[in-house]
Amino acid sequence: KGVVTDCISLKRVLYRARVVVYYFIVAVLWFRYARKGGAKIIMFGIRKKLMAKAEEALGVDLDGDGKCGDGMDRDTMIQRAFTDALSEGVELAVRTAMAPGGFSGNSRVRIPWPEELGGSIESAVQRFLPDHYDRFVATLNQAAERASETARDVLINAIKGLDLSTAVDLIRSPNPQACTDHFRATSWTPLFNGMRGIVEEALQACNVTSLWDTVMDAYAGLSSTIKAMAGLPDTLCTDIGDYATNKAVHGLLVYVGDKEVAIRENPMSAMSEFVQKVFNPSFFQ
């Protein structure tokens, strides 16, 4: 028994000795490695990681390597922020415009009687055909609200086709709706073409087209004497589909611009982390 106990004690001593020798060797190697710059290399790696995290959080290229963090470069981040801001504007525009009163309840986007038929013509229709006039304007706005329900994809596809070479200038512009104005100026035709069929379907569904025809027929039924006295043309000619489409696109972009203004005032209100960083004034400092 005593011999067994002595053997166990000896094994424990030898084990502890090996552990001490192991840590001694590690300490020596570490000391020699550190003197050759190993510690500096490790500390440099740690510093780079911390720098990357700080850049990602601030959205700023702190070390001048052209990137904000380990991944996305600065230009790509700016372009992503530009498209994300407009996309968030589209989401707001569609959600707001499709709601009851989205067009008719907002004087900035409400679709009026066609301007090209304004003045004495509009006055005559209001005077002699008041029921037709009111019903037409009301259903015209309802059609725009209906069309807005399916307008999202058209707007998003147009954003994907934007030229982003001026994204920096637009984001830094003092104009609070610079990005939306660029979107409006460069994408109106594809927006119109994409929305035309949607609006036409909504016009048919809301009976706007048939109501417009009724107004035209009723106007044509006015006596020539009345028209002559008022200086009115014998017939009215306008493409109500084109008119409604232009007005629907205009109204949606008004709401997109509202979102851009809100983002510029408070970047943290945006859903996109890229928008939050890039639209923050400190990003370009």
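Biologist: How many disulfides does the structure hold?

Modeller: Zero. In general, a disulfide is a covalent bond between the sulfur atoms of two cysteines. Here the test is a pair of cysteine sulfur atoms within 2.5 Å. Before we go on: this is a predicted model, where local features need pLDDT of at least 70 and side-chain atom pairs count only at pLDDT 80 or more, while totals for chains, interfaces and linings use all residues. Residues are numbered from 1 along each chain as its sequence is written, and side-chain values use heavy atoms, with hydrogens and water left out.

Biologist: Are C179 and C206 buried or exposed?

Modeller: Buried means under 20% relative accessible area, exposed means over 50%, and partly exposed is in between (1.4 Å probe, protein chains only). C179 has 1%, so it is buried. C206 also counts as buried, because its value is 18%.

Biologist: Now two serines. Where do S173 and S165 sit?

Modeller: Both are in loops between helices, and a helix here is a DSSP run of H or I with at least four residues, numbered from the N terminus. S173 lies between α7 (167–172) and α8 (178–205). At 21% relative accessibility, S173 counts as partly exposed. Contact means heavy atoms within 4.5 Å. Leaving aside neighbours within four places in sequence, S173 touches A178 and R264. S165 is in the loop between α6 and α7, and its 60% makes it exposed. S165 and D75 are 90 residues apart in sequence, with 9.5 Å between their C-alpha atoms.

Biologist: At what angle do α3 and α6 pack?

Modeller: Fit a line to the C-alpha atoms over the stretch in contact, then take the angle, from 0 to 180 degrees, between N-to-C directions. For α3 (residues 74–97) and α6 (residues 152–160), that gives about 165°, with the axes 10 Å apart. Under 35 degrees is roughly parallel, over 145 roughly antiparallel, 65 to 115 roughly perpendicular, and the rest oblique. So α3 and α6 are roughly antiparallel.

Biologist: Which residues make the contact?

Modeller: From α3 they are T83, L86, S87, V90, E91 and V94, and from α6 they are R152, L155, I156 and I159. Ala, Val, Leu, Ile, Met, Phe, Trp, Tyr, Cys and Pro count as nonpolar, Asp, Glu, Lys and Arg as charged, and the others, Gly among them, as polar. That makes six nonpolar, two polar and two charged residues.

Biologist: Which residues of α6 are buried?

Modeller: They are V154, L155, I156, A158 and I159. The cover over them includes α3, α8 and α11 (240–265).
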